[in-house]
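Student: I would like a close look at a single part of this structure, taken slowly and with its surroundings included.

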Amino acid sequence: MTTHILIIAHAPLASALRACVGHVFADRMDTVVALDVQASDTIDAVLQQARQLRQGMDAKDVLVLTDVMGATPCNVARQLTQGTSDLVVCGVNLPMLWRAVAYQHETLPAMAQKAVEGGQQSVMMAP
């Protein structure tokens, strides 16, 4: 079974990143879900939305990508995955997401590692 991806980020980043998946991986759009966190949202409300999205995902394992460590999306992701085999990676960027999608066939830890490497390797000064 393919590992799914849940992006939880400050609005409108999660939806924008998910839309970008379609540019390269149009056939995988059904395995990537986005949750945009609005400035007015409470942690409890976002956690409830995240739980509903996670329950609706037809996947044993989910990689949760968030934007900023310690911010509401990350805190929600950490609570959501507590006691599960799902993993959280913070600092999502487009190369990280594309790498994660490209390696969905791998185990969840391997996929997460590839995503982190892709995200890190893409941050550089342009020549």
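Student: Leaving aside its neighbours within four places in sequence, which residues is Leu-63 in contact with?

Tutor: In this predicted model, Leu-63 is in contact with Thr-3, His-4, Ile-5, Leu-6, Leu-87, Val-89, Ala-100, Leu-108, Met-111, Ala-112 and Ala-115, once the residues within four places in sequence are set aside. Leu-63 is also among the residues with the most contacts inside the largest nonpolar core, which has 21 residues, and it shares that standing with Ile-5, Ile-7, Val-21, Leu-65, Leu-97 and Val-101. At least two residues of this core come from each of β1, α1, β3 (62-66), α4 and α5 (108-121). Another core, of 15 residues, lies apart from it and includes Leu-6, Ile-8, Val-37 and Val-64.

One partner of Leu-63 is Thr-3, which is placed in the segment before β1 (4-10). Thr-3 counts as buried because its relative accessibility is 4%, below the 20% cut-off. Beyond residues up to four places away in sequence, Thr-3 touches Asp-61, Val-62, Leu-63, Gln-104, Glu-106, Leu-108 and Met-111.

Two of the helices that supply the largest core, α1 and α4, also meet each other: Leu-17, Arg-18, Cys-20, Val-21 and Val-24 in α1 are in contact with Leu-94, Leu-97, Trp-98 and Val-101 in α4. The residues of this contact comprise 8 nonpolar, no polar and 1 charged. The axes of α1 (residues 13-24) and α4 (residues 94-102) come within 10 Å and cross at roughly 55°, so the two helices are oblique to each other, and the crossing is right-handed.

How values were computed. Residues are numbered from 1 along each chain as its sequence is written. This is a predicted model: local features need pLDDT of at least 70, side-chain atom pairs count only at pLDDT 80 or more; totals for chains, interfaces and linings use all residues. Side-chain values use heavy atoms; hydrogens and water are left out. Axes are lines fitted to C-alpha atoms, for helices over the stretch in contact, and angles run from 0 to 180 degrees between N-to-C directions. Helices (H or I, at least four residues) and strands (E, at least two) are DSSP runs, numbered from the N terminus. Angles under 35 degrees count as roughly parallel, over 145 as roughly antiparallel, 65 to 115 as roughly perpendicular and the rest as oblique. A crossing is left-handed if the near helix is turned anticlockwise from the far one by less than a right angle, and right-handed if clockwise. Contact means heavy atoms within 4.5 Å. Ala, Val, Leu, Ile, Met, Phe, Trp, Tyr, Cys and Pro count as nonpolar, Asp, Glu, Lys and Arg as charged, and the others, Gly among them, as polar. Buried means under 20% relative accessible area, exposed over 50%, partly exposed in between (1.4 Å probe, protein chains only). A nonpolar core is a set of buried Ala, Val, Leu, Ile, Met, Phe, Trp, Tyr and Cys residues joined through side-chain atoms within 4.5 Å.
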